[in-house]
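Q: I am new to this structure and would be grateful for a close look at a single part of its backbone. Please begin with one residue there, and then connect your account to other features of the model.

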Amino acid sequence: MNKSNFWQKILADKKMILALSPMDGVTDYPFRAICKKYGKPDVIFTEFASVEGVCRSSSTKILDHFDFDEVERPLVAQVFGKTPAYFKQTAVLLCELGVDGIDINMGCPAPTVANHGSGAAIIKNPSLAKELIRVVQEGIEQWRNGLKLEDCPDLSKQTIQAVADKKKKFALADVDRQKIPTVSVKTRIGFDEEEIENWLPHLLEMRLATISLHGRTLKQGYSGEADWEVIGRAAELAKKTDPSIIFLGNGDVTNYEEAQEKVNTYHVDGVLIGRASYGQPFIFLPKEEREKLLIEKNIFEIALEHAQLYETTYSSNLNYKFLPMRKHLAWYTKGIAQAALVRSELVRADNSLQVAEILQKYKLI
């Protein structure tokens, strides 16, 4: 493994890695951009995309999951699926886009994913898990040695063109074939029950750059409490096996201080924060910086900026809808006076102008 990858550099510099967790339907380009601007997480993950969708869909819309610009770096693209050939070709596509890391989702508990043998269901299929990691590593290495998108049999001409268009739209730098993305896995502590001593060694065989561990089983979904004792045990096992691996914990952490406490107590290298970032892009900052930011910047000015960015990013797309933005607007209202009333209007807004009018009506901006 490359000892000087970006994960190692962040850890050496900051002693703790704080990352925005990948979240389906949430961590799109506008949300990530707002979090990066106001919260400055060290690393950002995209929402996951299906490799089967990348390689088989007649539409290129799925590639919107990988939208990013230079400001969002280091950016890790997350993918899921179960078809090795598609993982390999998607890895080549992501290399061509210039992402900093490729993360394989082996933790999603959603029935639509797990029931098809992907996501957290892969915990029950360690041979497939290792094969998927291997082909991603192989795809990256072959791309470094000159493999092109046109050499990938399942990437359509439209998909190849869409990659070129995205690089232009987001002003992405020309790729350097010597600067290859890291490979990582995000997973859970088990399927029906905790089985970390059986499951983790399979991943550690593959010399990954990073492992992120959510402290719940697939069966738990997001219920109950994340088991940080198991995460700590897993971190110890990982470091004994491979001292250079970056090991991150995930589950129920709501701010910088809690992340620091988890790092100190359970000896992980860092923490992924997910749901706590809803409507609170600043929670990656230490308390003093969070409070300073909220004095300088009205949270509803940030909400409006988010809505405007969503609109400018996607409004030219075919079948564009403002609908996915509404849940974010609802999250920004948490804890304010008349929250239910404000929220009831914001979730019916169809554009950023209407959002501005509602916020002005309630004197929030």
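A: Arg207 is found in the loop between α8 (196-204) and β7 (210-217). In this predicted model, the phi angle of Arg207 is near 55°, a positive value in a residue other than glycine. Such a value deserves notice because most residues other than glycine have a negative phi. With a relative accessibility of 39%, Arg207 counts as partly exposed, because this value falls between the limits of 20% and 50%.

Lys40 also has a positive phi, of about 55°, although it is not a glycine. Its setting is the loop between α2 (29-39) and β2 (43-45). Lys40 counts as exposed, because its relative accessibility of 52% is over the limit of 50%.

A further backbone feature concerns a peptide bond. Most peptide bonds are trans. Arg73 and Pro74, however, are joined by a cis peptide bond, with omega about -10°. Pro74 belongs to the loop between α3 (51-56) and β4 (75-80).

Another loop, the one between α7 (157-169) and β6 (182-190), holds Val175. This residue is partly exposed, with a relative accessible area of 26%. When neighbours within four places in sequence are left aside, Val175 is in contact with Cys95, Glu96, Leu97, Gly98, Trp143 and Lys167. Its separation from Glu195 is 20 residues in sequence, and the distance in space is 40 Å from C-alpha to C-alpha.

Glu345 lies in a helix, α14 (residues 339-346). Glu345 counts as buried because its relative accessible area, 17%, is under the 20% limit. Not counting residues up to four places away in sequence, Glu345 touches Ile358, Lys361 and Tyr362. With the first of these contacts, Ile358, the separation is 13 residues in sequence and 7.1 Å in space, C-alpha to C-alpha.

The strand β6, which follows the loop of Val175, leads on to the pockets. The largest pocket has a volume of about 650 Å³. Its lining consists of 31 residues, and those nearest its centre are Asp100, Lys179, Ile180, Pro181 and Thr182. At least two lining residues come from each of α1 (6-14), α6 (126-144) and β6. The largest share, five residues, is supplied by α6. Sorted by class, this lining contains 14 nonpolar, seven polar and 10 charged residues.

The second largest pocket has a volume of about 490 Å³. Around it are 28 lining residues, of which Ser21, Pro22, Met23, Lys186 and Tyr222 lie nearest the centre. Two or more residues of this lining are given by each of β6 and β9 (270-273). The strand β6 contributes the most, with three residues. By class, the lining has 13 nonpolar, 10 polar and five charged residues. The strand β6 thus has a part in the linings of both pockets, because it is listed among the elements that supply residues to each.

Tyr222, one of the residues nearest the centre of the second largest pocket, also takes part in an arrangement with a charged side chain. The charged end of Arg188 sits over the ring of Tyr222, at 4.9 Å from the ring centre.

Aromatic rings also come together elsewhere. Nine aromatic pairs are found in a search of the whole structure. In the pair of Tyr278 and Trp331, the ring centres are 3.8 Å apart and the planes meet at 15°, so the pair is stacked, the angle being under the limit of 30 degrees. Tyr278 is placed in the loop between β9 and α11 (287-296), and Trp331 in helix α13 (residues 323-332), so the pair ties together parts that are 53 residues apart in sequence. Tyr278 is partly exposed at 22% relative accessibility, and Trp331 is partly exposed with a relative accessible area of 22%. In addition, Tyr310, Tyr314, Tyr320 and Phe322 form one aromatic cluster.

How values were computed. Residues numbered from 1 in each chain as written. Predicted model: local features only at pLDDT ≥ 70, side-chain atom pairs only at ≥ 80, totals over all residues. Heavy atoms only, no water. 1 Å grid on protein atoms, 1.4 Å probe; cavity = no way out; pocket = protein on both sides within 12 Å on 5 of 7 lines; lining within 4 Å. Points joined across faces, edges and corners; volume = space filled by probe spheres on them. Helix = DSSP H or I, 4+ residues; strand = E, 2+ residues; numbered from the N terminus. Nonpolar A, V, L, I, M, F, W, Y, C, P; charged D, E, K, R; others polar. Buried < 20%, exposed > 50% of the residue type's maximum accessible area, 1.4 Å probe, protein only. Contact = heavy atoms within 4.5 Å. Phe/Tyr/Trp six-rings, centres within 6.5 Å; stacked < 30°, edge-to-face > 60°. Lys NZ or Arg CZ within 6 Å of the ring centre and 35° of its normal.
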